[in-house]
Each structure stands twice: as C-alpha cells, then as structure tokens.
Amino acid sequence: MTQTLTLRRPDDWHLHFRDGDTMRAVVPHTARQFARAIVMPNLSPPVTTSALAAAYRDRITAAVPEGIDFTPLMTAYLTDQSDPDDLVAGFADGVLTAAKLYPAGATTNSAHGVTDVANISGVLERMAQIGMPLCVHGEVTHSDIDIFDREAVFIDRILAPLIERLPELKVVFEHITTRQAVEFVDASGANIGATITPQHLHINRNDILVGGIRPHMYCLPVAKREEHRLALREAATGGSTKYFLGTDSAPHHRHDKESDCGCAGIFNAPHALESYITVFEEEGALDRFEAFASENGPKFYGLPLNEGEIMLEKVAQQVPATVNGGAAEIVPFHAGETLSWQLAS
Ligand code: DOR
Ligand code: ZN
C-alpha cells in the first residue's frame with residue numbers, strides 16, 4: 001500500500017510572487033499547496049503603504065485559479081520614511097499582517113530599505129505596542145563583512161540589541177541559514193520565531209560552487225557550510241514551536257539567473273511541500289511535519305489554524321527542467337531530480 005501523510009492545510013510564511021505576468025504564472029503553484037502565504041513586498045517600486053498592499057493583494061487574488069481558496073497575507077516594506085500611523089491602521093483593518101525590514105542593499109529590490117534601524121525606532125515601538133510582527137531579512141550589508149558572516153554579524157550588531165530595547169516586539173527571523181541563528185532563536189523568548197526554507201535544509205555552499213557555478217542554487221542569505229545545514233535540519237525537525245515553514249520562493253527568469261550578474265533567489269514553489277517532507281522523512285520526523293507546516297506559524301502570528309486537510313503520497317515524480325514564468329521560463333528548485341513524494345490532487 002502507498003504510504004501517505006495527511007495534514008492540516010499548511011501555510012507559507014514567506015514568499016515572493018512578483019507582479020504582472022510572472023505573478024500570474026507562479027501564484028497557482030502556491031495556491032495549490034497552501035491556504036495562506038506571507039507575501040513579500042519587494043516589488044519595484046516596493047509596497048510601502050497600506051494602500052499599495054491592498055491593491056497588490058487584489059492583483060494576487062485575481063490570479064488565484066477558480067475554485068481554490070487561498071488568502072495572501074500582506075506585508076509593508078519598511079523605509080527610513082515609513083509612516084507609523086499608516087502601518088498601524090493597515091494592521092488594524094486587516095490589510096497588513098506584518099512589516100518587513102530589509103537592510104538597504106541586502107538583497108533583490110532592497111535599495112529603498114532601512115539604512116539604520118534607529119531611523120524606524122518610532123515605527124517599531126508602535127508595532128511592539130499593537131503586536132504587529134516584524135519580518136526581518138537578517139544580514140548586515142557592510143562591504144567589509146564577508147558574505148558568509150553577514151547573518152551572524154547581524155545577530156550581534158542589530159537583532160540582539162533591537163530585541164533588548166523592545167522585548168515585546170514580535171520578530172520573525174526569516175530564512176535562517178546558520179547555527180548561530182538557531183542558537184539565538186532557541187535562547188530567545190516566545191516572541192522570536194524563524195522561518196526555514198527548503199533549500200537551506202537541502203544544500204550547502206558546495207552545491208553552489210563545486211564542479212562549476214550553479215546559479216539556480218544561489219539565494220540570499222547564501223547557503224553556508226554543512227554544519228549550518230545540519231543545525232537547520234535539527235531546528236526544523238526537532239519539535240520546537242519557534243520554527244515554521246517559509247519557502248522564500250523567489251522566481252527569477254532563467255536568463256536573469258544565468259547571467260554575468262545572476263539574481264539571488266530560488267524558485268521552489270512548484271514542489272515546496274514535497275521538498276520539505278523529504279527532509280522530515282530523512283530525519284525520521286514525519287510526525288513533526290504538520291506542526292512545522294501548519295501549526296507553529298499561525299500560532300506565532302496569532303491567526304487561526306486552517307480548516308481542511310491535504311494528503312501527501314509516497315509516489316515518485318520527476319521535477320521538470322523548467323516551468324512557465326510568464327514572459328520567460330524559470331528553472332525550479334530540484335529541476336530534473338526525482339522527488340519521492342507527491343501532493344495528492
Ligand atoms: O534570494 C533571495 N531572493 N533572497 C531575498 O532575500 C530576496 C529574494 C528575491 O526577491 O529575489
Ligand atoms: Zn525572501
């Protein structure tokens with residue numbers, strides 16, 4: 001008999017949909033698997049206000065295939081000029097679920113990000129008061145800090161002092177990639193959670209660089225040494241309620257990745273659940289997958305658990321070499337590989 005795993009409908013607590021044709025091509029992949037998703041605001045220009053977030057939400061909703069029940073949860077992109085009143089109002093009326101801190105220059109479309117957290121201290125104080133979560137891209141951007149150290153340095157220089165100053169602030173330390181991040185989250189209070197991507201559970205930096213450069217394995221924060229991957233696997237599958245599913249699926253067209261200056265981002269949306277469940281199976285933790293995928297996130301955000309269930313079956317499938325990305329094709333994570341699980345339709 002085929003092995004199966006049934007779980008409460010899961011959510012993706014961090015992903016990129018983009019806009020226009022690309023968005024219309026990628027939204028169905030996420031909506032097929034997840035009930036809700038925290039949508040990143042790093043469009044060009046960025047989604048900096050409640051009004052822009054509401055308009056973007058409506059464009060996403062229009063791209064959800066008929067008959068699928070999927071809710072985008074919107075975030076506002078913080079800048080040095082963010083208006084606290086607008087963010088608070090957006091959170092109060094349900095347009096915004098969280099706000100996103102991109103240190104300026106850290107990653108794709110982050111040029112308008114925050115140049116110094118001191119510049120948004122008023123915003124962060126208000127967010128702490130009302131319980132509005134802060135999603136954090138945790139990397140410093142100084143040119144003198146090695147790219148493989150940027151997350152660990154961010155913890156020491158920015159995140160730890162911030163939480164000490166605002167101990168009530170709810171913080172999602174996003175797409176963590178290091179043992180130091182796991183240790184920090186484990187040692188913090190219940191208001192500090194973290195998302196973990198499938199790629200950081202599967203690959204280490206050798207996968208990007210050994211035998212030739214693999215642009216489709218490049219994302220930010222960049223994958224680190226094997227010891228870090230192992231720490232992340234332990235965190236995701238070890239039963240702590242502080243860790244939850246966030247794919248950071250980040251579509252870029254193939255020619256933008258396979259280029260002189262290739263974009264950061266791994267498009268994992270098409271087989272996100274199958275990618276994660278493979279890790280849980282390898283770690284002997286299938287019984288912990290539901291909490292990671294469907295419970296820890298909503299509990300952290302203070303949102304209801306989803307109704308309904310999905311089923312994964314142990315049936316092999318081959319991941320295609322490319323998928324439709326609107327104006328051009330996109331190479332998905334696990335392209336050409338055989339995954340041993342499949343989401344039942
Ligand atoms: O690899 C990444 N891609 N990391 C990010 O933080 C942003 C994302 C994107 O938007 O492409
Ligand atoms: Zn992201």
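**Close-up views of the zinc ion and ligand 1**

**View 1. Histidine 14 in its surroundings.** Histidine 14 has a relative accessible area of 1% and is therefore classed as buried, the cut-off for that class being under 20%. The model shown in this and the following views is a predicted one.

**View 2. The zinc ion (ligand 2) and its protein donors.** The zinc ion is held in the model by donor atoms from the protein, namely NE2 of His14, NE2 of His16 and OD of Asp248, which lie 2.0 to 2.1 Å from the ion. Along the chain these donors follow the spacing H-x1-H-x231-D. Distant parts of the chain are linked in this way, since histidine 14 belongs to strand E2 (residues 11-15), while aspartate 248 sits in the loop between strand E9 (243-245) and helix H10 (254-257), 234 residues apart. Aspartate 248, with a relative accessible area of 5%, is also buried.

**View 3. The residues around ligand 1.** Ligand 1 is surrounded by 13 residues, of which Arg18, Asn42, Thr107, Leu220 and His252 are the closest. The space that ligand 1 takes up is the largest cavity.

**View 4. Polar side-chain atoms facing oxygen atoms of ligand 1.** A polar side-chain atom of arginine 18 is placed 2.8 Å from an oxygen atom of ligand 1, and for histidine 137 the corresponding distance to an oxygen atom of the ligand is 3.2 Å. Histidine 16, which is also one of the zinc donors, has a polar side-chain atom 3.3 Å from an oxygen atom of ligand 1. Of the 290 Å² of accessible area that ligand 1 has on its own, the protein covers 100%.

Definitions and conventions
Residues numbered from 1 in each chain as written. Chains lettered and ligands numbered in written order. Predicted model: local features only at pLDDT ≥ 70, side-chain atom pairs only at ≥ 80, totals over all residues. Heavy atoms only, no water. Donors = N, O, S within 2.8 Å, 3.2 Å for Na, K, Ca; no water. Helix = DSSP H or I, 4+ residues; strand = E, 2+ residues; numbered from the N terminus. Buried < 20%, exposed > 50% of the residue type's maximum accessible area, 1.4 Å probe, protein only. Near = heavy atom within 4 Å. Polar contact = N/O pair within 3.5 Å; in protein donor to acceptor, adjacent residues only side chain to side chain. Areas by Shrake-Rupley, 256 points an atom, 1.4 Å probe, with all protein chains shown as cover. 1 Å grid on protein atoms, 1.4 Å probe; cavity = no way out; pocket = protein on both sides within 12 Å on 5 of 7 lines; lining within 4 Å. Sits in = over half its atoms within 2 Å of the grid points.
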